[in-house]
Amino acid sequence: MSEPILQMNNIEKHFGNVIALAGVSFDIRPGECHCLLGDNGAGKSTFIKTMSGVHKPTSGEILFEGKPMSFDSPRDAMEAGIATVFQDLAMIPLMSVTRNFFMGREPTKGHGLFKRFDVQHANEVTMSEMKKMGINLREPDQAVGTLSGGERQTVAIARAVYFGAKVLILDEPTSALGVRQTSNVLATIAKVREQGIGVVFISHNVRHAMSVGDRFTVLNRGKTHGTAKKGEITSEELQDLMAGGQELAELEGSLGGTI
Amino acid sequence: MTEEAETAMDERIKKDPLYRRLMKRPELGAIAGMILVTVFFLATADPAMFTLSGFMNFMTPAAQLGILAIGAAMLMIGGEFDLSIGSMVAFAGLIFAALLVNFGMPLVVAIPATLIIAAAVGAVNGQIVLRTGLPSFIVTLAFLFVLRGLSLVGLKWATGGSTQLRGIRDAVENDFLTPVFSGDAFPALFAWLANIGVVETFKNGAPKVPGIPVEILWFVLLAAAATYILLKTPVGNWIFAVGGDTNAASNSGVPVRNVKIALFMFTACCAALLAIIQVLDAGSTDARRGFQKEFEAIIAAVIGGCLLTGGYGSAIGAFFGSIIFGMVVIGLTYTNIDQDWFQVFLGTMLLLAVMFNNVIRKRVTGER
């Protein structure tokens, strides 16, 4: 397998006296989907926020394309090619798909006072990028609010890919979606991976992770339990790792093995 | 669109008919309202209202309000309110008049200085709102009183005890900038139009309409510029974005703080522009100038389709909203209706507009 694009070595993050991350190592290679699994409170959010430049690690090392990196802001990370699609998607329902797609990075034409938003070009790009992801928009000036949750997720992913993401971090992209929309988003992830982008897929749903993941890292109480390749681990084992085994086994017994 | 794309469309989606596409425009309500009001006055008012001079009569207050309303609309689209713009008219009027009368400055200095001071107050408003995270409603409510009070105190200081500052006419009489900010534009054109009989004349041959009041030109210019910025520039996209969702906008790299502060400054400058025009027109300024105009401006913006929650609206809407205002306030004098119905109308119109906007928003976002 090729060299990792992004390597996070022994990352620690403390908030006052709370140790949110106690030495987490993680890496992502081009064209793979690396799943980061963990229950609520495991430190997933803190970890991806460290990866995307929102938080600075208390200690530990971040290597981007082999070089040590320190991101001061999400903007820095974005410019380097680390794009994060957070759960709120950074989408504005009242604005059109095109306006959302290019929000903050509007293409312009003309010069000086007459430098203006190139709406036509933006519309064309939006339509064609969305088509590549398998979504036919009715019209580019359709408001994002009229799209389904899965479609919005896809717009956010397409936007990150179009603006040159090398690493795409998806924060629980399937958590609020129905069955059909979930499979659409998972299919989109597969398409993104084929383009040679490294996808970090955060989830607490083992089945979703198993369907697209190449490698799996489980985070529990701020620590990792190592990384497993596809085929080396079963979904039951992942489930156990996430919930800390013992307690879940007891719960599962009382629920008749339905979790 | 190409054939291929056409066939790939979702077969469950019908093409929207024209009326439904129009329904999605934010300014629709204001245009519909204007048509209604026009029909109402065509039926009830003296036909003199719809002559050229009648038109100028109701467009003048419409334009004065509109200059404020366009600023208010831009700020509302950006997700904030400014309740201090009415007081800002008085405050900027005081600054402007004091610079002219007490300091004897020419317009070419006094106008930019007034605008800069107004913009600075707007920036202070914006900074406080952003730094404290308090609702702009409260912060600017405080400034509504602060600026009104400062205007009173300042006027007494500038005049030695009075709350009215006079003598502006004399101060600007021969200034080359005076015609840009006061009086009627294109007098020669209108004199010529009167000569050839297009414009009605008085018995002595002077045209009944001597020109276009300059505020109307400023109003149209401002509406056009605001619309261009909103729809055709990256900054416009940022304004919609910060109003729609501050967090999403800043995560996408929109300079949220700068956009909001610039909007507060712009709104304050609109108030200052109105103050300059009014002070030059009246030849004096007093502390009650712009009283309660902030509410009228916000109402005009809401009639124009701005959502109170931000992120949606249009400058064209505010343009028509202001014209509705002017038509009603002046139009009632052309009818037998008691003019005090105006306030009733104002409240009703606001309520209807807000309800209508909610429906529109649901249509746009596809909420059910």
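In the predicted model, four strands of chain A form an open sheet in the order S2-S1-S4-S5, and their pairing is antiparallel. The edges of this sheet are occupied by strand S2 (18-28) and strand S5 (67-68) of chain A, each of which pairs on one side only. Strand S4 of chain A, covering residues 59-64, runs antiparallel to S5(A), and the two are joined by two bridges. At the level of single residues, A:Phe64 has A:Lys67 of S5(A) as its bridge partner.

Chain B contains 17 helices and four strands. The C-alpha trace of chain B extends over about 70 × 55 × 40 Å along its principal axes. The radius of gyration of chain B is 22 Å, which agrees with the value near 21 Å expected for a compact globule because the chain has 368 residues. Of these 368 residues, 51% count as buried, where buried means under 20% relative accessible area. Contacts in chain B were also examined by separation in sequence: among those between residues at least 6 apart, 77% join residues at least 24 apart.

The surface and charges of chain B were considered next. About 17100 Å² of chain B is exposed, and carbon and sulfur atoms supply 66% of this area. The charged side chains of chain B comprise 24 positive and 24 negative ones. The centres of these two sets lie 5 Å apart.

Key. Residues are numbered from 1 along each chain as its sequence is written. Chains are lettered from A and ligands numbered from 1 in the order in which they are written. This is a predicted model: local features need pLDDT of at least 70, side-chain atom pairs count only at pLDDT 80 or more; totals for chains, interfaces and linings use all residues. Side-chain values use heavy atoms; hydrogens and water are left out. The radius of gyration is taken over C-alpha atoms; the globule rule is 2.2 Å times the number of residues to the power 0.38. Buried means under 20% relative accessible area, exposed over 50%, partly exposed in between (1.4 Å probe, protein chains only). Contact means heavy atoms within 4.5 Å. Accessible areas come from the Shrake-Rupley method with a 1.4 Å probe; for residues, only the protein chains shown count as cover. Lys and Arg count as positive and Asp and Glu as negative; His and the chain ends are not counted. The place of a charge is taken as NZ of Lys, CZ of Arg, CG of Asp or CD of Glu. Two strands pair if DSSP finds at least two bridges between them.
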